[in-house]
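Please open the model in your viewer and keep the selection panel at hand. The stops below proceed one selection after another.

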Amino acid sequence: MGGRTIPKALIFGLLLKIVIDFDELRGVRGDVATHRDPAGRRPVYIGGFFPIEVPYFASLPSTVEAAITHANNLTGILDGFELRMRWNWTQGKPANALRILNDFVQDGPPVSITWGPMFSSVAVVVNEVLPRYDIVQTVIASSATLKDRSRYPLTVQVSVDEDLLNPGRVAFIKRMGWKRVALIFEDNEYFRQNMAKLTELLLINSITVLATEAVTDADRPDEQIESLRRHDARVIFTGFYPEVAVKLFCKVFKANLYGEKYVWILPGWYPDGWWSDASDVPCTNEEFLSTLDLHISFDGDQAIDDVALIDFNGVKPYPEQLQYLEALHNMEDNSRDIYAYDCLMTMALALNASIADLEKLTPPRGLDEFSYGDDEMAGILLRNVLKTEFNGLTDHVVIGEEGVRHSIVYVEQFQDGRPVRIAIHNAEDGKYIEVTDTNIIWKGPNRPVDGKTELPEIVRISTPFKVAIFTVAGGGVFLALLFLVLNVALRNQRAVKISSPQINNLIVLGCLLLYSSVFVSGVDTHAFSDTVFLILCHLKVVLVCVGISLSFGSLLMKTYRIFAIFQKAVAKFKQIDLPDKKLVGFVMLLVLLDGVIMTLWAVFGQLTVNTFLLEPKLSETASPQSEIFIVPKLRQCGSVYDIYFSSALYGFKGFLLVFGIFLAWETKNVNVKGLDDSKYIALSVYVVGLTIVLAVPTLQVFINNTDIHFCIYGVAVVFANTVVLCLVFVPKFALCYTSRGSQLRISMMDTAGSSSAHQSTNLSLYASTREDRNRLAELQRTLAEKRATLSKLLIEYHKMR
């Protein structure tokens with residue numbers, strides 16, 4: 001506890017000179033008296049529940065006996081009375097403690113107050129029985145259970161309550177920046193309740209408890225250790241008695257659950273060397289050292305800096321007593337003994353303070369007149385124990401009204417085989433003070449982390465991709481607007497007028513909507529609410545569907561009119577009625593169908609925002625040791641009936657696509673001299689169809705890769721739109737430029753298979769007989785009639801436009 005250390009052998013030699021030889025007293029455990037006073041001082045009996053006869057605790061009866069001797073010899077403490085103790089060993093078993101209590105009650109003088117039990121597992125049992133006899137208990141046991149005044153109304157904890165360490169533990173965790181911890185503990189009432197209180201405090205401070213593992217079989221904690229590994233626990237609190245902790249950490253070593261990634265946090269009240277030379281454990285001291293190296297512990301044990309400051313409420317120890325206290329203070333691993341001494345002095349001072357209170361009773365009573373069941377005297381003793389305050393070996397002793405001693409918390413780290421105090425935490429003011437000349441040490445280059453930190457991050461489109469696609473899409477918008485302006489300005493030019501400028505305007509409008517969908521797709525939505533995100537999703541679908549219906553639908557209608565003219569009118573010599581307004585009406589019907597489907601989808605589709613977490617990636621901005629992983633978080637729109645509505649749209653657009661490709665194929669040989677509109681329209685249909693066929697499946701493959709998905713979509717839209725606009729408008733404007741206002745002549749004579757001169761020449765080669773010549777003349781007359789009909793139909797065709 002600080003200061004220089006003195007070997008125990010020397011201490012015991014000194015004790016023999018100061019107190020009565022303890023070996024002579026062991027034979028009279030039932031009634032031990034010290035410092036027999038020839039003046040006939042009245043004996044006052046107290047009880048003693050000592051733990052177990054092992055080296056860790058063997059000195060406790062001797063230490064308590066020394067305290068009794070000091071109290072009896074000091075003037076001003078228990079004057080006229082002689083303190084005596086009846087005691088025995090509990091062997092750490094509640095049943096033994098109950099037998100000792102039975103001996104106190106059945107035989108010998110009554111005891112009004114007891115020292116111990118020391119083990120919490122014993123105290124929580126026997127201290128529940130002691131109040132039945134109105135016996136006050138002062139204990140070193142630190143179980144939080146003992147604070148339950150309904151079960152333990154006469155129990156006072158002189159040692160630090162384990163629960164008082166929890167604020168220090170939580171403060172340390174927060175100071176280290178850890179947010180996740182795990183707990184593993186021995187499944188008994190003491191550790192179970194303490195870990196429950198710790199868990200509650202951790203959760204209040206927003207610290208996640210990954211796992212809470214209770215070990216019921218000390219020899220088989222494998223399942224609990226595996227659970228810690230499964231939860232990737234790195235910062236782990238433990239709660240075990242030393243003999244069970246040895247077995248646990250041997251298993252921890254075998255499981256390789258230690259090293260620079262792990263921080264083990266142990267109770268701080270273990271005796272020095274608790275892990276060394278353990279029997280029945282298949283681990284060596286070296287293996288324990290490597291496993292326990294740099295573990296953290298929390299301890300509330302205190303020791304006064306200078307024994308000269310010891311003061312028992314105005315009564316100072318005598319010089320020879322100070323000599324003993326100095327030796328005890330400087331002894332190695334002295335925490336049990338100094339607390340045992342102060343626990344006895346607490347009892348002596350409470351008894352001393354009760355003398356005056358008992359004399360005020362009617363009739364007056366003395367300390368030696370206690371009898372079992374005397375609740376009045378028990379109440380006076382308890383009240384004076386709770387008011388006890390003095391400077392002892394464990395520094396300033398103050399017992400609160402709740403029956404628990406107040407304390408500060410020490411943070412220690414196991415360095416070079418011994419605990420080193422690195423910090424102090426005061427629970428009352430929350431101050432956390434680092435101890436000078438000591439430093440916390442880690443096995444790795446950096447402070448361990450509490451596990452893999454996965455930071456969800458909304459996926460965004462990379463700026464370079466966005467800039468590139470937005471630039472080319474912006475160029476497409478500019479080109480579309482330029483073509484629209486020229487189409488309106490030159491609408492009376494013959495080359496433009498005969499190509500249906502109104503329908504061409506619809507093509508431009510559809511392309512503009514498709515270009516706009518690229519910009520909507522590239523909007524950064526990470527800060528948007530789900531409602532706004534759904535609106536953007538639906539807006540994109542509207543722009544795409546309506547844009548395709550306007551642009552591709554217009555191309556489809558123009559192709560269909562060419563098909564109707566040359567497949568029906570020319571082949572069957574029938575006049576068709578397909579003016580521009582009818583074609584525009586058909587296009588608007590397609591848009592209306594889109595609107596109906598999307599309106600039903602929005603109203604009845606129960607639109608939702610689905611979030612998908614993609615494969616975590618190590619953060620590029622953090623060090624690898626920090627284990628910070630970025631988890632891409634992808635938001636996509638969906639709906640309960642998504643399959644039905646999307647199938648309707650895909651089926652509708654797919655039918656238009658197939659029908660358009662069919663019409664383009666059927667009109668591939670149509671060639672109008674001076675116009676050539678049909679082949680450009682057909683080529684536009686091919687381009688749109690091929691783009692959709694290639695882009696849609698590819699987009700589904702890369703749906704979780706935002707950058708590639710956006711680039712494929714943007715390139716597909718820009719490419720198809722731009723090609724269509726150029727094929728539809730560039731030839732028209734070029735024809736306007738080349739014709740320069742001259743009358744444009746439209747002829748179908750160059751249409752494949754319609755060159756009469758060429759046919760006549762070829763036919764004349766085979767007309768060698770009169771009959772052949774007559775038949776040829778008949779054919780030529782028929783051809784002339786068809787030519788006249790075709791010219792009439794072509795004139796009507798241009799009039800419709």
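Which residue meets the side chain of Arg-234 in a salt bridge? In this predicted model, select Arg-234 together with Glu-627, whose side chains meet with an N to O distance of 2.9 Å. Because Arg-234 lies in the loop between helix H8 (222–230) and strand E9 (235–239), while Glu-627 lies in the loop between strand E20 (617–618) and strand E21 (628–639), the pair ties together parts that are 393 residues apart in sequence. Arg-234 counts as buried at 4% relative accessibility, and Glu-627 counts as buried as well, at 10%.

Next, select Glu-376 and Arg-365, which form a salt bridge whose closest N and O atoms are 3.5 Å apart. Glu-376 belongs to helix H13 (residues 375–386) and Arg-365 to the loop between helix H12 (335–359) and H13, so this pair ties together parts that are 11 residues apart in sequence. Glu-376 is partly exposed, with a relative accessible area of 43%, whereas Arg-365 counts as buried at 18%. Then add Arg-42, Asp-368 and Glu-369 to the selection, a set joined into one network by salt bridges that share partners.

For another charged pair, go to Asp-187 and Arg-192, where the closest N and O atoms of the salt bridge are 2.5 Å apart. Asp-187 is partly exposed at 33% relative accessible area, and Arg-192 is partly exposed at 39%.

Now turn to the helices, beginning with H18 (residues 580–604). Show helix H19 (residues 642–666) beside H18, and you will find the two packed at an angle of about 170° with their axes 10 Å apart, which means that they are roughly antiparallel to each other. On the H18 side the contact involves Leu-590, Leu-593, Asp-594, Ile-597, Leu-600 and Trp-601, and the residues of H19 that take part include Phe-645, Leu-649, Phe-652 and Leu-656.

Keep H18 in view and select Leu-600, which counts as partly exposed at 38% relative accessibility. Extend the selection to Phe-586, Leu-589, Leu-592, Leu-593, Val-596, Val-603 and Phe-604, which together with Leu-600 form a nonpolar patch on the surface, with about 730 Å² of accessible area together.

Helix H16 (residues 501–521) also packs with H18, at an angle of about 25° and with the axes 9 Å apart, so H16 is roughly parallel to H18. Here Gln-502, Ile-503 and Leu-506 of H16 meet Asp-580, Leu-583, Val-584, Val-587 and Met-588 of H18.

From there, select Ser-554 in helix H17 (residues 530–572), which counts as buried at 0% relative accessibility. Leaving aside neighbours within four places in sequence, Ser-554 is in contact with Ile-503, Leu-506, Ile-507, Ser-549 and Val-587.

For a further helix pair, select H9 (residues 242–254) and H10 (residues 285–292), which pack at an angle of about 80° with their axes 9 Å apart and are therefore roughly perpendicular to each other. Val-246, Phe-249, Cys-250, Val-252 and Phe-253 of H9 meet Glu-287, Phe-288, Ser-290, Thr-291 and Leu-292 of H10.

The last stop is Val-156, in strand E6 (residues 155–160), a buried residue with a relative accessible area of 0%. The C-alpha atom of Val-156 is separated by 7.5 Å from that of Leu-386, although the two residues are 230 residues apart along the chain. Beyond the neighbours within four places in sequence, the contacts of Val-156 include Gln-137, Val-139, Leu-382, Leu-386 and Ile-399.

Definitions and conventions
Residues are numbered from 1 along each chain as its sequence is written. This is a predicted model: local features need pLDDT of at least 70, side-chain atom pairs count only at pLDDT 80 or more; totals for chains, interfaces and linings use all residues. Side-chain values use heavy atoms; hydrogens and water are left out. Patches are made of residues with over 30% relative accessible area and no salt bridge: like charges are joined within 9 Å, nonpolar side chains (Val, Leu, Ile, Met, Phe, Trp, Tyr) within 5 Å. Accessible areas come from the Shrake-Rupley method with a 1.4 Å probe; for residues, only the protein chains shown count as cover. A salt bridge is a side-chain nitrogen of Lys or Arg within 4 Å of a carboxyl oxygen of Asp or Glu. Helices (H or I, at least four residues) and strands (E, at least two) are DSSP runs, numbered from the N terminus. Buried means under 20% relative accessible area, exposed over 50%, partly exposed in between (1.4 Å probe, protein chains only). Axes are lines fitted to C-alpha atoms, for helices over the stretch in contact, and angles run from 0 to 180 degrees between N-to-C directions. Angles under 35 degrees count as roughly parallel, over 145 as roughly antiparallel, 65 to 115 as roughly perpendicular and the rest as oblique. Contact means heavy atoms within 4.5 Å.
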